[in-house]
Amino acid sequence: MEFNYLIEGPVSSGIIASYMEMISSVKNAGGHSFFLGQVRADVMEGKTVTAIEYSAYENMVVAEADKIIESVMAEFDDVKTVRIIHSKGIVKAGEISLAVMVSAGHRKHAIDACAKTVELIKERLPVWKKEIYSDNSHTWKDNQ
Amino acid sequence: MEVKVLFFGVLAEVTGTALKHYSDVSRMSDLNHRISDDFPEIVHYNFRIALNSQIIDGEHTLLAGDEVAYLPPFAGG
């Protein structure tokens, strides 16, 4: 099954289930590592985060995500597939906004490549987040 | 000749626009001057610039149809 890198709203359990169904055909893989990023209900100055609104430079997301996958597969030669799915639009606290799913011949490359992919996403993917609070005020957050 | 300019994240909020077209700009320095004239508040923010989806630094020649994006620090994940 083919996915885009960006989806509107939260990453659903159905998307993750679809990947799990797909990997049953990847018979040269012996381990799969998943990272799920969740919107956390942080409290800032007495106000609770209720949601994050993500926006993205969509053409550049595609170009950068392609490059991230290419560099991870070059560094970890046991990796068979890398999937990146990031939300755009509103994701409520408790919902999933990022899924990285890596399949490899053996567990070490699956785990290490998954961690590396997440770090590269944080550093290179042109995505922005606006934290929305319980009083409807908001703050722009970044990864620095 | 015309170039397409995109603003993202907090920069879209402070400029009040996500997309603007500029004519008669042949270099990045020309465009940056026009943008700082139109949106003086932008100087208070950190950003990088992408030309046709590639991050650039310093002077570049602009061609008709180029897409220039002003990118605040990334916040994916």
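1. The contact between the two chains draws 21 residues from chain A and 14 residues from chain B. Classed by residue type, the chain B side of this contact holds ten nonpolar residues and four polar ones, with no charged residue. The model under discussion is a predicted one, and the remarks below should be read accordingly.

2. B:Phe8 deserves attention in connection with that contact. This residue sits in the loop of chain B that joins strand 1 (2–7) to helix 1 (10–15). Its contacts, apart from neighbours within four places in sequence, fall in both chains: A:Ser55, A:Tyr57 and A:Trp128 on one side, and B:Ala69, B:Tyr70, B:Leu71 and B:Pro72 on the other. B:Phe8 is classed as buried because 22 C-beta neighbours lie inside 10 Å, the threshold for that class being 20 or more. As a point of reference within chain B, the C-alpha atoms of B:Phe8 and B:Asp37 are 18 Å apart, with their positions 29 residues apart in sequence.

3. B:Phe74 also reaches across to chain A. It is placed in the segment that follows strand 5 (67–71) of chain B. When residues up to four places away in sequence are not counted, B:Phe74 touches A:Leu125, A:Pro126, A:Val127, A:Asp142 and A:Asn143. B:Phe74 has 24 C-beta neighbours inside 10 Å and therefore counts as buried. From B:Phe74 to B:Asp30, 44 residues apart along the chain, the C-alpha separation is 26 Å.

4. Which residues touch the most other members of the largest nonpolar core? They are A:Val61, A:Ile84, A:Val102, A:Ala113, A:Val127 and B:Phe8, out of 52 residues in that core. This list includes a residue of chain B, B:Phe8, beside those of chain A. A:Val127, also on the list, is one of the residues touched by B:Phe74.

5. A:Val102 may be examined in further detail. Leaving aside neighbours within four places in sequence, A:Val102 is in contact with A:His32, A:Ser33, A:Val79 and A:Val82, and also with A:Ala110, A:Ala113, A:Cys114 and A:Thr117. Among these partners, A:Ala113 and A:Thr117 also take part in the contact of helix 3 of chain A with helix 2 of chain A.

6. Helix 2 (residues 58–75) and helix 3 (residues 107–124) of chain A have axes that come within 10 Å and cross at roughly 150 degrees. The two helices are therefore roughly antiparallel, since angles over 145 degrees fall in that class. Their crossing is right-handed. Helix 2 of chain A contributes A:Glu64, A:Ile68, A:Val72 and A:Glu75, which meet A:Ala113, A:Lys116, A:Thr117, A:Leu120, A:Ile121 and A:Arg124 of helix 3 of chain A. The residues of this contact comprise five nonpolar, four charged and one polar.

7. Two residues other than glycine call for a check of backbone geometry. A:Glu45 has a positive phi, near 50 degrees, and is found in the chain A loop between strand 3 (43–44) and strand 4 (47–56). A:Glu45 is exposed because 7 other C-beta atoms lie within 10 Å. B:Asn52 likewise has a positive phi, near 50 degrees, and belongs to the chain B loop between strand 3 (48–51) and strand 4 (54–56). With 15 C-beta neighbours inside 10 Å, B:Asn52 is classed as partly exposed.

8. Is B:His21 buried or exposed? B:His21 is exposed, as 8 other C-beta atoms lie within 10 Å. The residue is part of strand 2 (residues 19–23) of chain B. Its contacts, with neighbours within four places in sequence left aside, are B:Glu2 and B:Lys4. The C-alpha atoms of B:His21 and B:Lys4 are separated by 4.7 Å, although the two are 17 residues apart along the chain.

9. B:Ile55 lies in strand 4 of chain B. It counts as partly exposed because it has 14 C-beta neighbours inside 10 Å. Apart from neighbours within four places in sequence, B:Ile55 is in contact with B:Arg48 and B:Ala50. B:Ile55 and B:Pro40, which are 15 residues apart in sequence, have a C-alpha to C-alpha distance of 22 Å.

Definitions and conventions: Residues are numbered from 1 along each chain as its sequence is written. Chains are lettered from A and ligands numbered from 1 in the order in which they are written. This is a predicted model: local features need pLDDT of at least 70, side-chain atom pairs count only at pLDDT 80 or more; totals for chains, interfaces and linings use all residues. Axes are lines fitted to C-alpha atoms, for helices over the stretch in contact, and angles run from 0 to 180 degrees between N-to-C directions. Helices (H or I, at least four residues) and strands (E, at least two) are DSSP runs, numbered from the N terminus. Angles under 35 degrees count as roughly parallel, over 145 as roughly antiparallel, 65 to 115 as roughly perpendicular and the rest as oblique. A crossing is left-handed if the near helix is turned anticlockwise from the far one by less than a right angle, and right-handed if clockwise. Two residues are in contact if their C-beta atoms, placed from the backbone, lie within 7 Å. Ala, Val, Leu, Ile, Met, Phe, Trp, Tyr, Cys and Pro count as nonpolar, Asp, Glu, Lys and Arg as charged, and the others, Gly among them, as polar. A nonpolar core is a set of buried Ala, Val, Leu, Ile, Met, Phe, Trp, Tyr and Cys residues joined through C-beta atoms within 7 Å. A residue is buried if 20 or more other C-beta atoms lie within 10 Å of its own, exposed if 12 or fewer, and partly exposed in between; C-beta atoms are placed from the backbone.
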